[in-house]
Every structure is written in C-alpha cells, then in structure tokens.
Amino acid sequence: MTRSCALRRPPWYAPPAMADDKKTKADNLKLPTRTENFSEWYIELVKRAKLADNSDVRGSMVIRPNGYALWENVQRVLDKMFKDTGHQNAYFPVLIPESYLAKEKKHVADFAPQVAVVTHAGGKALPEGERYVIRPTSETIINRSFTNWVQSYRDLPLLINQWANVMRWEMRPRLFLRTTEFLWQEGHTCHETEADAQAETLKMLEVYKTFAQDFMAMPVLAGQKTESEKFPGADRTYSIEAMMQDKKALQAGTSHMLGQNFAKMFDTQFQGRDGQKHYVWQTSWGVSTRLIGALIMTHSDDAGLVVPPKLAPTHVVIIIIGRTPEERGPVKAKAEALAADLRKSGLSVLIDDDETKGPGFKYAEYELRGVCLRAELGPKDLEKSQCVLVRRDDRKKEFVPLADAVTKANAMLEQMQKDLYAKALALRDSNTFEVNSYDELKAKAEDGFLLAHWDGTPETEKRIKDELGLTTRNRPFELKQEPGKCVVTGNPSAGRIVFAKAY
RNA sequence: CGGGGUGUAGCGCAGUCUGGUAGCGCGUCUGCCUUGGGCGCAGAAGGUCGUCGGUUCGAAUCCGGCCACCCCGACCA
C-alpha cells in the first residue's frame, strides 16, 4: 500500500519529511536545548520525564507518579521540619463563605480577580450572600476556627499547618510554576505578642531557606518584600528568591507577618496575663508545587531531569547487561545482591532487567528521568568484580570494585548534592550585579539579579516594572544596607534592593 | 481581553496553495535477531483529518461560524 502510493507521486516528488531523515533516531528523541529555547525545554522535559500533563481543564495539570514522588519527598522533609518546630497539621474546608473574604477589604480586593465562586449548588442558584469561594488561601476560614479555639494566653502560641489544594484563576498558566489549582502547605499561627509573631515569621522563612539550600541544593536570598509585593492583608511579607538557569528570579516561598488584621476581622481575642482582652498576633507561610518547577529549572540539563539526591525518588538504577541467559543469570544475581546492600544503606534502588531495550536506550531514559546514579553491571564487570557508576550530573564513568560499591555510591551522592548547590550558587553569583544608574539597569535587565538603590516609592517601582519589566524581588537580609541615591529619581535610598525578571 | 500561531494515528509531522476519499518518522503488537550510549530485519494493528454548516458529482483540501490548545502582553505563589 505504501509503495503503490509512493509510485503515484511524480518522479521529482520528495516528501519534505526526507529532509529530517539525516537526523539519527537519537536526535529525534532529544530535548530542545536550554540555550535554544528555555521555556520549550522546560515544557518538553516535564512531559517527557512524565512529571505532569496538561489536563483538559485549562490551567490545571495532572501530576504524574514521577512528579508526585518529588512532591511527596518535599512534603516528607518539610512536614518533619514543621513538626520539629512545634506545629501540628489540621485540615480546613475548601469552600469558604464569600462573606469571609469580604471582611478584609485589602484581602478581598486583591484576590477578587483570582477567585472562583460557587454560584450554584443543590440544583439551585445560591442567593447573593450565601455563595462560596474556592479557597485561594485560608486565612479567613482558619481565623473563624481560631476565634473559637483561642480563649486565653495559655492557648498560645497556636501553631497550625495544613497541606491542601488551593485555586487561583491564572491568566497564563505554566506547568508547576503557575497553575490554577495547586498543592501547597499553609502554616497559620497565633501569638501573644507582636515580637513572638515576628520571630515566628522569620523562623519559618529560615526553615524554608534551610530546606531550599540543604535539600533542594538551591541557593536563595531571604529578605523582605516591598509594600506593593506584599501579601494582601499582611503587615510585612518575606520571601526566599532563587535564580533559575535562564537568570530569571523565582519566588520559592513566602512568610507573612499578619499583625492583628485578621484577628480584628474575626474577633480572635484572648484574655491576657493582665486579665484584659487582646487580639492575637498572627503569621502565615507557604510553599507550593511551584518548588518542583524550581527544582527542575535549577539543576536539570539538556539530557533531562537532574534531582538532588536528598529529594530523589530513585537514587540508583542498576542496568543489567548481557546477551544470553547464561550471561545475564549471574549478572542479575549479583545485581540483586548489590541492590540489597545499597538499600540497606538507605538508598532507593531500581534494577532494570528489561531484555527488550538496549543499554544505551536505558542510559538515556534514566538520565531523562533524573535518577541520580547509574550502575552498569555486565559479564566483564563480574570477571573483575567491579561495576560502573555514573553520576547523573557530570555523567563521568567510574569503575568501582563491587566490595566498595555501597560506600562509593553513598559518597558520590553526597558529593553530588554538594556540587549541585555549588554550581547553582556559582551561576547566581556570576549573574548578580550592582548597578548604579538607570541606563545600567536597563542594559542589564536580562542579565540576572540587579542590586540597585531605589527611593522606596511604589511609583518608582511601577515605572521600572512598566518600562523595563523588572520587579523588586526582596531586600535580602544578607545584603549590607548603605545609603545611596535612587537610580531612577536620584532621591535618597536607604539601601539596595534586588531587581530581576521574574516568573 | 488584545496580537500571532496550531488543530490530520499514542507522540512529532507531511499532505491544504492546485478538491478525486490519507501518508511519513517514532512508539505499540507478533516473530527472529541483538545488548558496554537511544540495535537490526520481516510482518501487523491503529485516523468519522477539532467541530458545525455551506459550495461541489466528489472536501483534510475551497467558504463561513464555533470550539480547543500554544506563544507574546495585562494578573500571579
């Protein structure tokens, strides 16, 4: 059928597809490169590594097992950190009476465009005033409970966290980074004094920073957000900001000092040591599945996903090599023994004994999926009592005696964790600049983090955003604050702030 | 919501200009073969060509409406 059809073509006819035939099969399977098109690389990587799919609901995504496994590891580690700092988990409803949001004027005004409203239920239109919103965040409904829970200063501090989904109607969704529905945790706490609440706000920001650096191997700048970047309803907002490989900034976590704003709206009061009624001081803080996007864009390369060992669902994959059952049998036995030993040392191990795929295919496949370490084991290795270990990030082959394999694998993973951090830090440092004039700010707009003096006014901030597409990220604690002159207006500035293109 | 683009097999695409009833690569399935960087050979399955309508003897192809998705802007963790 194919043939007769082809013959019907005029003799000079050559299907355009022929042009691509020079490409090898391997070329066709490759990802777009980061330098060619970063955003296409990202999308393709997410899909090909089977992390997530777009769903038929615009802006919503399906998180596939490979992607969800990453989130589960994020959850496992953070949940422990929260509990170690005295927090408890609870769960609050996904539907919030619309009237709750309206109680906080700034809160409702800023969230309104992003909120999905339930207008019909039980087969009927809900009357005005009895409608529900799907939570975009839970400060309001949680405060409703807190009001009942808190009676006395003895009930404080109240330290609650919830793992949940939230919904914010987004105009321009992007897998993991910005989806209409996303998974997150939101911590909500009540304190007796302003100082206590402020301390909690910074403590949790520090927890996020530690998590980002020690587990995600992602350097972050912790600091305070400006007025206009502040959370609606907070007194102060803090964030951790990371630099992706395309030099754009990504807000990876936030922590808010809420003051008494929500307490006053919901009358959350306690009887103090002085016998008088006082409003509680509150905080809230959260990180989301956006972290998975951050993880990908920080470490991955043109071959696929790279995951820091401390968050990797699979640490080692053992590839069995051999032609015949006679060859494969002993190799497989040895592989299983090795896997058992590796597992005993705390690693997650996969053995690939699929005979229908060649080793080369498997190497590429596990690189795409981000398995940290590949162990190759074949007949030649058995003769020498060795195996081949290859780190995902540098892909250098090492021949290791089987007797040392467990120790070596663990050491390599530990080194990989460190190297990933160092590499990410080097990227950030070499793309962070002090700029001292508007022209320089403009010239370097695409170049990374720009430390500039700013007069502190929302007007100037907006002008820079409108004209250059740069937003303030935060005022990092680690950045020494010395007075200077605003690069736009020349007015006095208390210190430099980070400007960058942002996700 | 504005500007641009794309809808054809599971995925990536050609075919549309010039109408004649659908093809390529990858993947999948079967058999043989192969295994240290995406093996090879042979065979097979798989598509109401986004959707609705119009023109025509005849529409993936021409005309009109609608829908969806992607990219760029406004919003954002």
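**Where domain 1 meets domain 2**

Start by colouring chain A by its domain assignment, which gives domain 1 (61-299), domain 2 (309-414) and domain 3 (432-500); such bounds come from an automatic or database assignment. This is a predicted model, in which local features need pLDDT of at least 70 and side-chain atom pairs count only at pLDDT 80 or more, while totals for chains, interfaces and linings use all residues. Residues are numbered from 1 along each chain as its sequence is written, chains are lettered from A and ligands numbered from 1 in the order written, and side-chain values use heavy atoms, without hydrogens and water.

Select domain 1 and domain 2 next. Their C-alpha centres lie 41 Å apart. In the contact (heavy atoms within 4.5 Å) there are 12 residues from domain 1 and 5 residues from domain 2.

Now show the surface. The two domains bury about 620 Å² between them, with 66% given by carbon and sulfur atoms; buried area is the accessible area (1.4 Å probe) that two parts lose on being put together, summed over both. Pick out Asn-66, Asn-73 and Phe-215 in chain A: they supply 53% of the area that domain 1 buries against domain 2, more than any other three residues.

How many salt bridges cross the interface of domain 1 and domain 2? The rule finds 0, where a salt bridge is a side-chain nitrogen of Lys or Arg within 4 Å of a carboxyl oxygen of Asp or Glu.

Last, select helix H4 (65-84) and helix H8 (194-215), each of which supplies at least two residues of the side of domain 1 that touches domain 2. H4 gives the most to this side, with 7 residues. Helices here are DSSP runs (H or I, at least four residues), numbered from the N terminus.
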